[in-house]
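Subject: A structure for you to explore

Hi there,

Here is the structure I promised to hand over. Please open it next to this email, and then read on for what turned up.

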Amino acid sequence: MTAAVESPKADRRRSLAWALLVAAAVWLVPANLLPIMTLETLGREQAGTIADGVLRLLQSGMPGLALVVFTASLLIPILKILVLAVIYWRTPAHPRPRGAIRAYRLVYWIGRWSMLDVFVVALLAGLMRFGVLARAVPEPGITAFALAVVLTMLSAHAFVTSQLWEPDHGSGANP
Amino acid sequence: MSDSLSPPRAAPALVCHDCALRLAPPAAPRGHWFCPRCGARLGSRHRLRTQAVLALAATALVLWLPAVSLPLVYVDQFGVGGSVSILSSVAALFQERHGLVAAVVFVTLVLMPPAQMLALLVAMARLRAGGRPGRWLGWYRQGREWAMPEIFLLGALIATTELGGNASLRLGTGLFCLIALVVTRWIAEGLADPAALDRLLEQRRREAGDDGRR
């Protein structure tokens, strides 16, 4: 369908979804490049990015947890933004709406699990605040990451799924 | 997911919540059934057990206060002890000048879980009283994705294993309350089946429309 038959509300909501998604993609860059947390153990300071956290888990012999953190913190945020961008791009009147809504439902509910790293940092920061021998200090990267995750969730929220289909003229006339 | 765009019209009673397809309501209960166009589940095999959902939502609300305020983990590093609760880690983030992260953690763990369970409680109580849940049900649904205690639990598991090497840890009461809260919320949300709820609401609306349309 052409944009003319589209309701202005859906149009506005799609612009909002795009804007939030672009903002999320921008914040994802510092989120992955800046350190999210500094660990000070026995006088040794070690600032780590998200990827460092995954490596640390891998090196301490926990490949299962490393895989979970890798998926939740590195893979899902990027994948969710890409999937949503492709869906928004081909809307309205998506050529394959059924596949699109399946992908949308999937990333919609999986995306929140990216918040995992924010909670890990929050807990470590709270637990190891006054440690004499070991301390954990949150770094700016975690703010960027939290923003990226929240903005992606808001973007998916703003998108109106019914515009994947052409407006439903038929069944209105035929009861 | 997103609300439908078209305003509800009088004749066909059922609108798919995902693709806004208008359908005739099924004449008889037919178990699980799905939208023919987008595959969203529109009907449920289960009847809505409002009483059970009420009880579970109330339990989750009671568990909330100890879950956020009591210590989750005690740590002992070479004789220096410490503990952490959800509220104390929010305070720590705030004092480390990570106000935004503190706000996100506060909203997703302290604010949204009880707010969402309260909305469910009020909605169920109103349904049981024969009324309409009104906005409370909408708030419950909007809040669902923003309450993240189950994600925090996984985060706690990862944080404690990262620490495990150079500190001795003891689990606190707060953690057990949090686990109980997650399980209760999980069952409550499962029982408050969205498809069953939608169909019940439509039924109420039809009944109200039949004798109440002026």
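A residue counts as buried when its relative accessible area is under 20%, and as exposed when that area is over 50%. Keep this cut-off in mind for Ala20(B): at 8% relative accessibility, Ala20(B) counts as buried. Please also remember that this is a predicted model, so every value below was computed from it.

**Two unusual backbone angles**

Ala20(B) is worth a look for its backbone too. Its phi is near 60°, a positive value in a residue other than glycine. You will find Ala20(B) in the loop between S1 and S2 of chain B.

A second example is Arg97(B), which has a positive phi of about 65° although it is not a glycine either. Arg97(B) sits in the loop between helix H2 (86-95) and H3 of chain B. Is Arg97(B) buried or exposed? With a relative accessibility of 77%, Arg97(B) counts as exposed.

**Chain A in outline**

Chain A has 7 helices and 3 strands. Following the sequence from start to end, their pattern reads α-β-β-α-α-α-α-β-α-α. Of the 175 residues in chain A, 51% are buried. Take the contacts in chain A between residues at least 6 apart in sequence: 75% of them join residues at least 24 apart.

Helix H6 (residues 140-158) of chain A makes a nice exercise. At 1.5 Å a residue, its 19 residues should span 27 Å, and the C-alpha atoms at its ends are indeed 27 Å apart, so the two values agree. How many of the 19 residues of H6(A) are buried? The count is 15, so H6(A) is largely enclosed by the rest of the structure.

**Where the two chains meet**

Chain A brings 57 residues to the contact and chain B brings 56 residues. The area buried between chain A and chain B is about 5,300 Å², and carbon and sulfur atoms give 69% of that. Which residues of chain A lose the most area to chain B? They are Phe119(A), Leu123(A) and Leu127(A), which together make up 14% of what that side buries.

**Salt bridges**

Over all chains, the count comes to 7 salt bridges. Across the interface of chain A and chain B there are 2 salt bridges.

Start with Asp18(B) and Arg105(A), which form a salt bridge whose closest N and O atoms are 2.7 Å apart. Asp18(B) lies in the loop between strand S1 (14-15) and strand S2 (22-23) of chain B, while Arg105(A) belongs to helix H4 (residues 97-110) of chain A, so this pair joins two chains. Asp18(B) and Arg105(A) are buried.

Next, look at Glu150(B) and Arg112(A), whose side chains meet in a salt bridge of 2.9 Å, N to O. This pair also crosses between chains: Glu150(B) is in helix H5 (residues 149-164) of chain B, and Arg112(A) is in the loop between H4 and helix H5 (116-127) of chain A. Both Glu150(B) and Arg112(A) are buried.

Within chain B, the side chains of Arg185(B) and Glu189(B) meet in a salt bridge at 3.3 Å, N to O. Both residues lie in helix H6 (residues 173-191) of chain B, 4 residues apart, which is about one turn of the helix. Arg185(B) is buried, with a relative accessible area of 3%, and Glu189(B) is buried as well, at 11%.

Some of these residues belong to a wider set: Arg112(A), Arg144(B), Glu150(B), Arg185(B) and Glu189(B) are linked in a network of salt bridges.

**The nonpolar core**

In soluble globular proteins, nonpolar side chains tend to be buried together. Here, the largest nonpolar core has 114 residues, and those with the most contacts inside it are Met115(A), Val105(B), Leu120(B) and Met124(B). Helix H3 (residues 99-128) of chain B gives the most to this core, with 14 residues. Where does the core lie with respect to the domains of chain B? Domain 1 (1-48 + 193-214) and domain 2 (49-191) both give residues to the core, so it lies between them.

To see this part up close, centre your view on Met124(B). Leaving aside residues up to four places away in sequence, Met124(B) touches Leu48(B), Thr50(B), Val53(B), Leu54(B), Ala192(B) and Leu197(B).

Have fun exploring!

Best wishes

Note on methods:
Residues numbered from 1 in each chain as written. Chains lettered and ligands numbered in written order. Predicted model: local features only at pLDDT ≥ 70, side-chain atom pairs only at ≥ 80, totals over all residues. Heavy atoms only, no water. Salt bridge = Lys/Arg side-chain N within 4 Å of Asp/Glu carboxyl O. Buried < 20%, exposed > 50% of the residue type's maximum accessible area, 1.4 Å probe, protein only. Core = buried A, V, L, I, M, F, W, Y, C linked by side-chain atoms within 4.5 Å. Domains from an automatic or database assignment. Contact = heavy atoms within 4.5 Å. Expected span 1.5 Å × (residues − 1). Buried area = accessible area lost by both parts, 1.4 Å probe.
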